[in-house]
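Reader: I should like a close look at one part of this model, namely how its side chains pair through aromatic rings and through opposite charges. Please state the cut-offs behind each term.

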Amino acid sequence: MKNLLLESHCVFPTLDIIKTAEFYEQKMGFKAVRYLKATEPHICLYRDTTEIILTKTNGQKVIPNRDLYGYGYDAYFITKNQEDLQKEFINSNVKLVRLLNNTDYNNKEFVIEDIDGRWIAFGIKVS
């Protein structure tokens, strides 16, 4: 079978696009590239091979999946060296909601909460 899908990017609508970008830059090590004068204003956040695209809401606050649907993350990033990344986030005072552990679905992961209340997991399938 051909590999037709290459990568994906998360799109995070946010009430305050600048404040959210600053959080990701200052606390989580992303680099922001602003496209605020584009027809559809947005900010791209880059770290390693991961990209997050921030868009503006129409004045609505972010409602995380766990509030809308009862459970669930808002993004899941596949990563190695979770210990180092978790330590980095702890040192940057990022809110950890679940420390690194092995889940009942065979992933090794930890979960943070971003400035908008999104729960983002960082993990990988354990063989």
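Author: Phe-89 and Phe-110 are both buried, a term that denotes under 20% relative accessible area, with exposed meaning over 50% and partly exposed lying in between (1.4 Å probe, protein chains only). The model is a predicted one, in which local features need pLDDT of at least 70 and side-chain atom pairs count only at pLDDT 80 or more, while totals for chains, interfaces and linings use all residues. Residues are numbered from 1 along each chain as its sequence is written, and side-chain values use heavy atoms, with hydrogens and water left out.

A pair of aromatic rings is described by the distance of the centres and the angle of the planes. Rings of Phe, Tyr and Trp (its six-membered ring) are paired if their centres lie within 6.5 Å; planes under 30 degrees apart are called stacked, those over 60 edge-to-face, and the rest tilted. Eight aromatic pairs satisfy this rule. One of them joins Phe-89 and Phe-110 edge-to-face, with 6.1 Å from centre to centre and 65 degrees between the planes. Because Phe-89 belongs to helix H3 and Phe-110 to strand E7, this pair ties together parts 21 residues apart in sequence. Helices (H or I, at least four residues) and strands (E, at least two) are DSSP runs, numbered from the N terminus. Elsewhere, ring pairs connect Phe-12, Phe-23, Tyr-24 and Phe-30 into a cluster.

Helix H3 and strand E7 also take part in charged contacts. A salt bridge requires a side-chain nitrogen of Lys or Arg within 4 Å of a carboxyl oxygen of Asp or Glu, and the count by this rule is eight. Glu-88 and Arg-47 form such a bridge, at 2.7 Å from N to O. Glu-88 lies in helix H3 (residues 82–91) and Arg-47 in strand E3 (residues 42–47), so that distant parts of the chain, 41 residues apart, are linked. Glu-88 is partly exposed at 29% relative accessible area, whereas Arg-47 is buried at 19%. Asp-48 joins Arg-47 and Glu-88 in a network of salt bridges.

In strand E7, Glu-113 has a salt bridge to Arg-66, with the closest N and O atoms 3.5 Å apart. Since Arg-66 is in helix H2 (residues 65–69) and Glu-113 in strand E7 (residues 107–113), the pair ties together parts 47 residues apart in sequence. Arg-66 is buried, at 19% relative accessible area, and Glu-113 is buried as well, at 17%. Glu-113 also meets Lys-95 in a salt bridge of 3.7 Å, N to O. That pair links strand E7 with strand E6 (residues 95–102), the two residues being 18 apart. Lys-95 is partly exposed, at 48% relative accessibility.
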